[in-house]
Amino acid sequence: ASRVTRAPSLFLLYCPACRSGASWLTLSQTLALGLLLATPLGTHAGEPIVPSWITNDPANKAVTIDLVAGWNGNDRFGNYNGYYKDGMTVLVPRGWTVTIDFRNQDPRIPHSVLVTQPYAQEEMELRLTEQDAAIKGAFSENPTEGHKPGEGDRISFTAGEPGRYFLSCGVIVHLVEGMHVGLEVKDGLDKAMVVVNENKIATLD
């Protein structure tokens, strides 16, 4: 499913950049579709899915998330796994240990990741520090400066308090410009999943 040359309507729901009206996928768009190798073809936006970049370990109540900044050219590389401006939400079970293997694939500029409060646009800080993390230990090293292209970090934390959060970039103006996706800690889940926010995708450009 990730090696198509045309963008059928199903894939438009998962690839924000494909909604620009182009009838052929660019290389970066094709790579973005590769993130969803584990997604059944019958899945529609808004339904919880377990993409290939999430590895659940229910026996140990743990999940590993491979999070790539600048996965493709969406939002001028200001994205996580191809999404930005709250275009997707990662759902994790309450009480689980969450490990984020973070890597910056942007070819030009640094990025970072923190678990923060969910900001309204007018509340967003120009830059974020360790003190802005909403969960203890949930930030990459030196989030204000970020990691250079090709670099990364591994962070681990406990998903304790149920509620909604952001995965945000702390580098100056990146949060304001849209480099954030959702994270939600929920009771009653038996695995971590992702919901693609269809109403957000429709406004992405």
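Which side chain meets Asp190 in a salt bridge? The partner is Lys191, with an N to O distance of 3.5 Å.

## Model and salt bridges

This is a predicted model. The structure holds 6 salt bridges, including the three pairs described under the headings below: Asp190 with Lys191, Arg154 with Asp101, and Asp106 with Arg108.

## Asp190 and Lys191

In this pair, Asp190 is exposed, its relative accessible area being 53%. Lys191 counts as partly exposed, at 31% relative accessibility.

## Arg154 and Asp101

Arg154 and Asp101 form a salt bridge in which the closest N and O atoms are 2.5 Å apart. Arg154 belongs to strand S6 (residues 152–158) and Asp101 to strand S4 (residues 97–104), so the salt bridge ties together parts that are 53 residues apart in sequence.

As for accessibility, Arg154 has a relative accessible area of 57%. The cut-off for exposed is over 50%, and Arg154 is therefore classed as exposed.

## Asp106 and Arg108

The salt bridge between Asp106 and Arg108 has its closest N and O atoms 3.9 Å apart. This pair counts as a salt bridge because the cut-off is within 4 Å.

Is Asp106 buried or exposed? Asp106 has 0% relative accessibility and counts as buried, since buried means under 20%. Arg108, by contrast, is exposed, with a relative accessible area of 52%. The salt bridge thus joins a buried Asp106 to an exposed Arg108.

Methods:
Residues are numbered from 1 along each chain as its sequence is written. This is a predicted model: local features need pLDDT of at least 70, side-chain atom pairs count only at pLDDT 80 or more; totals for chains, interfaces and linings use all residues. Side-chain values use heavy atoms; hydrogens and water are left out. Helices (H or I, at least four residues) and strands (E, at least two) are DSSP runs, numbered from the N terminus. Buried means under 20% relative accessible area, exposed over 50%, partly exposed in between (1.4 Å probe, protein chains only).
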